[in-house]
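Visitor: I should like a close look at the salt bridges of this structure. Please describe the partners and their surroundings.

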Amino acid sequence: MWWNHAVTTHIFVALFGMGSWIAVNSFWVELPVVVSVLPEGWNLPAYLSVLIAFGNVGPLAVTITHHFAPGCLNERVLIHVIQVLAVVASAFLALFWSEVATVAGAPRSVAFLLLSVVLSIVCCTSNVTFLPFMFRYPPQYIRTFFVGQGLSALFPCIVALGQGVGKVECVETENGTRPHYLKENFPAQDFFWFLFVMLAISSLSFLALTYTVTTSTEAQASQVPEQETEKYEGQEVHPLQNEETPVSEEHVEVEKNNPTVSFWTLRNSYLLLLLGISTALTNGVLPSVQSFSCLPYGPMAFHLSVVLGNIANPLACFVAMVVLLRSSVGLSFMSLGGGLFAVYLLFLAALSPCPPLLGTHAGVAMVVISWIIFTGLFSYVKVVVSTLLHEAGHAALLWGGVFIQSGSLIGAITMFPLVSVYQVFQRAQDCVNTCS
């Protein structure tokens, strides 16, 4: 049946993964529109950073429950709950995002901030629920899951570009050149309805996956133990055409409560550390300074780095489906290469608004290519490490989600005071040349 075909399952897994961080990504790409309406103005990003950090109460609660009450938390039910919560919150966001109330004598966007908290908790909790759920599937589906996570950044970015977010024209006046910000092609409300549709699609895809797991239990039970162990050894020949089925719920519960071997080996600990560092850079540190590193070279350099970087993410996941680097040394060298590009981008951000090669095509090309390679290398490392953790068992995937979320949090907390409090980085002004 087409319903249980491997390609169909890959599509459902990608759409399921897409719903993990699409809400938070949508907040950031839509900021230039909402700050012009909400009373907080450009202080809103600082509020948003704190609220997203507060969302870590979700994964903290899940991790504590897994530790002190193993087996009591039903992952499938929890995922259904947070997905329904996300769909409802996004609908309310589309309806009430611009509502303002007076708090302590000052106007505040209470609805937007409260719904941001709800969606942040949902996104943060997805790292410790969605990823462990993927233990039910063969390792190649982990790569598809991260393709979906890449799409959670790419889709909002493409819609925002179509909306015309951040478009500016330099207009000559008697007092010099002035920036003229163009009106968006459609309002923020329509963008948030797009978010609602994407979250609804992700929820329906998860429903389809749960049906697939249920209907495949009988086929899974007929497999002999040798086949069960062999499916994790070696690389898959045709990752989109294999006939392996999801494991049964009974198998998952046995693995949760009685893991065959401890996953706290030296290699797995190193892989978790590598995963935490890569997500700290890709989700926390570098996104905080992307505008500082790119905007001095012009709006086109910024848009290209955002769009092509977000394309590099799912593309790296596709590469991992074909070539899976299992060597810890090889992953270390790839991380080192990505780290060098990260240092270069931080160097450009620190020199903003007057970085080297300003006003040249070489400068634009170098910053865009650096963002593409940086994103691609670390996306590949993250996918490969998660695949290797899948082979180490359900607990390893749970801790993988914890390290992903912890790395993202540490990266964001580290950069917040540098960017928002001490203002170490200086933003380039539109249509103003301060470096001549």
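Guide: The account below takes the salt bridges in turn and then adds a note on a helix pair. The model is a predicted one, and the count comes to 2 salt bridges.

One of them joins the side chains of Arg136 and Glu75, with an N to O distance of 3.2 Å. Arg136 is placed in the loop between helix H7 (130-133) and helix H8 (140-163), while Glu75 belongs to helix H5 (residues 75-96), so the pair ties together parts that are 61 residues apart in sequence. As for solvent access, both Arg136 and Glu75 are buried.

The other salt bridge is formed by Arg326 and Glu391, whose closest N and O atoms are 2.9 Å apart. This pair, too, links distant parts of the chain: Arg326 sits in the loop between helix H14 (299-322) and helix H15 (328-350), and Glu391 in helix H16 (residues 361-391), 65 residues apart. Arg326 has a relative accessible area of 27%, and is therefore partly exposed. Glu391 is likewise partly exposed, its relative accessible area being 28%.

A helix contact may be set beside these charged pairs. Helix H2 (residues 22-34) packs with helix H3 (residues 44-54) at an angle of about 165°, the axes lying 11 Å apart. With that angle, H2 is roughly antiparallel to H3, and their crossing is right-handed. H2 contributes Val24, Phe27, Trp28, Leu31 and Val34 to the contact, and H3 contributes Leu44, Pro45, Leu48, Ser49 and Ile52. By class, the contact of H2 with H3 comprises 9 nonpolar residues, 1 polar residue and no charged residues.

Notes: Residues are numbered from 1 along each chain as its sequence is written. This is a predicted model: local features need pLDDT of at least 70, side-chain atom pairs count only at pLDDT 80 or more; totals for chains, interfaces and linings use all residues. Side-chain values use heavy atoms; hydrogens and water are left out. Axes are lines fitted to C-alpha atoms, for helices over the stretch in contact, and angles run from 0 to 180 degrees between N-to-C directions. Helices (H or I, at least four residues) and strands (E, at least two) are DSSP runs, numbered from the N terminus. Angles under 35 degrees count as roughly parallel, over 145 as roughly antiparallel, 65 to 115 as roughly perpendicular and the rest as oblique. A crossing is left-handed if the near helix is turned anticlockwise from the far one by less than a right angle, and right-handed if clockwise. Contact means heavy atoms within 4.5 Å. Ala, Val, Leu, Ile, Met, Phe, Trp, Tyr, Cys and Pro count as nonpolar, Asp, Glu, Lys and Arg as charged, and the others, Gly among them, as polar. A salt bridge is a side-chain nitrogen of Lys or Arg within 4 Å of a carboxyl oxygen of Asp or Glu. Buried means under 20% relative accessible area, exposed over 50%, partly exposed in between (1.4 Å probe, protein chains only).
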